Amino acid sequence: MKTRQFVFNDAEVAEFVKKNFVSVAASDVDYNNLPDDAKAKGEFQFLRKSLTGAANGIHQGIYVVTPSGKFIKRCNAGWPHIDTRKCHDLLKESLNTFRSMPKAERLATQPLSQDQRSMHRKDMVQPPASWTKIRTTTRSYPFSPMELFDQRHPDYYKLDRLWLTPETARTLVPQQLEVGKTSDVGSRVLRHFSMDNHTMLGCAPWSDSAVKKARLRVKIIAAKGQLYQLRYEGGLHLDSDSRWNKSAYQGKLLGKAVWDDEGEKFKSLHWVTYGERNQRELRRNETRGNVHITHVGSVFELDPVLPNDRGITPHSWAYGYSREMKAQAGAEK
Amino acid sequence: MMRSIFNLMAMACVVHSAVAKVPESLTWKNFDEISDYVRLKKNDLNYQKISWFSTVIDGQREAQKQDKPLLLWLYFGDPRANC
């Protein structure tokens, strides 16, 4: 979150990296947790070899290595306040080091072949065009005192996705398409709304017993041809006292949408939530200070699915989505 | 000097969001105001200008082809999103 915001969202750094590097964004934890047979393959061996020079091996950070597998530099600078300019300088130094190397040193004798793949290609996950793809953005409001380290600082935002099959998306619209008709949205949508942390920062684990209230109602307020204008109102109250999550959220949702019944899809969708987040137990790796209660808003809107979003799934994809959906998205081939 | 200017610019961005007024509740009256506050800002998607590979092997193959250094951005989960 911090490196995205203070390094790669910097316009100069983004341009510099785009022009001069080939870039990989991946999970160090996923690589470290690969089974032994996958670790024996060339891809993992390359990663391990190229990060041998890094202080902690395969660990979170920004690194520059050569295609031959030589470590050049770790390019993180400043913690908890990231020094963007210093990071940029380190990237420039890395590029100079790379360029000063003889070709035989910087390039491999031959590239890795496909049969040396250790990690499943995430970009094979392609949600079908018929699915409703929603992007959620979440941001906290200021509180006092607050530090830039804290993930609740309003300079940070969380992005996530919510994917719905056509059948599930249809439950966001009253069955009977008449102005004035109301209904509760389907249970699958309500479950995502309750459990997937779209309305708050972080990724707290919620159990069924933590859901004190979850309600989302829709009303048709106008119609023009096959286009139906919808209004949503809802509320969510979560309260958990488990070993892994001692926190609560209480908030409200208001939303607008236009359903195109001929195309069987949403023409627009715009939901907003706003609520109070109470983190009774503060985690040192996420927060600073002693402020437990903060206010947080989120926006749900149709995902523009930018070209560079390939392979990015909803955060709860592994456990919060059905096997059928995974098969349809190509994740279980 | 340049670094000081950049730091001041960064601080200005921080101040902008840090002084937002905390709403009492969500209503249809402040629906757009809260939405505008939360929504992505101009620079929030600059990282999208970079073409990210999602696996090391795909990056290595391309870096070898282009004779360019390989940048590895490693983070728990996908560092591009969901955090």
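Start by selecting chain B and colouring it by secondary structure: from the N terminus on, its elements follow the pattern α-α-β-α-β. That makes three helices and two strands. Bear in mind as you click around that this is a predicted model. Chain B has 83 residues, and 41% of them count as buried.

**Chain A, by domain**

Now switch to chain A and give its two domains separate colours: domain 1 covers 2-119 and domain 2 covers 124-328. If you place a marker at the centre of each domain, taken over C-alpha atoms, the markers will be 33 Å apart.

**The contact between the chains**

Show both chains together and select the residues where they touch. Chain B puts 58 residues into this contact, and chain A puts in 70. On the chain B side, the elements giving two or more residues are helix 1 (2-18), helix 2 (31-38), strand 1 (52-53), helix 3 (56-66) and strand 2 (70-74). Which of them gives the largest share? Helix 3 of chain B does, with nine residues. Colour this side of chain B by residue class and you will find 33 nonpolar, 15 polar and 10 charged residues.

**A sheet built from both chains**

Next, hide the side chains and look at the strands. Five of them form an open sheet, in the order 3(A)-2(A)-2(B)-1(A)-1(B), with mixed pairing. The edge strands, each pairing on one side only, are strand 3 (71-74) of chain A and strand 1 of chain B.

Zoom in on strand 1 of chain A, residues 22-26. Five bridges link this strand to strand 2 of chain B, and the two run parallel. To see one of the pairings, pick Val24(A), whose bridge partner in strand 2 of chain B is Leu72(B).

Then turn to the pairing of strand 1 of chain A with strand 1 of chain B: these two also run parallel, joined by two bridges. Here, select Ser23(A) and you will see Trp52(B) of strand 1 of chain B opposite. Bring helix 3 of chain B back into view, since this helix packs on the sheet. Helix 3 touches strand 1 of chain A as well as strand 1 and strand 2 of chain B, and its direction makes about 175° with that of strand 1 of chain A.

**Helix against helix**

Keep helix 3 of chain B on screen and add helix 5 of chain A, residues 42-50. The axes of these two helices are 9 Å apart and the packing angle is about 75°. Angles of 65 to 115 degrees count as roughly perpendicular, so that is the description for helix 5 of chain A and helix 3 of chain B.

Show side chains for the residues that make the contact: Glu43(A), Phe46(A) and Leu47(A) from helix 5 of chain A, and Val56(B), Ile57(B) and Gln60(B) from helix 3 of chain B. By class, they divide into four nonpolar, one polar and one charged.

**Last stop: Phe46(A)**

Finally, centre the view on Phe46(A), which sits in helix 5 of chain A. Is Phe46(A) buried or exposed? Phe46(A) is buried, because 23 other C-beta atoms lie within 10 Å and the cut-off for buried is 20 or more. Leaving aside neighbours within four places in sequence, Phe46(A) is in contact with Gly69(A), Leu112(A), Val56(B) and Gln60(B). Add Lys70(A) to the selection too: Phe46(A) and Lys70(A) are 24 residues apart in sequence, with 9.2 Å from C-alpha to C-alpha.

Methods. Residues are numbered from 1 along each chain as its sequence is written. Chains are lettered from A and ligands numbered from 1 in the order in which they are written. This is a predicted model: local features need pLDDT of at least 70, side-chain atom pairs count only at pLDDT 80 or more; totals for chains, interfaces and linings use all residues. Domain bounds come from an automatic or database domain assignment. Helices (H or I, at least four residues) and strands (E, at least two) are DSSP runs, numbered from the N terminus. A residue is buried if 20 or more other C-beta atoms lie within 10 Å of its own, exposed if 12 or fewer, and partly exposed in between; C-beta atoms are placed from the backbone. Two residues are in contact if their C-beta atoms, placed from the backbone, lie within 7 Å. Ala, Val, Leu, Ile, Met, Phe, Trp, Tyr, Cys and Pro count as nonpolar, Asp, Glu, Lys and Arg as charged, and the others, Gly among them, as polar. Two strands pair if DSSP finds at least two bridges between them. Axes are lines fitted to C-alpha atoms, for helices over the stretch in contact, and angles run from 0 to 180 degrees between N-to-C directions. Angles under 35 degrees count as roughly parallel, over 145 as roughly antiparallel, 65 to 115 as roughly perpendicular and the rest as oblique.
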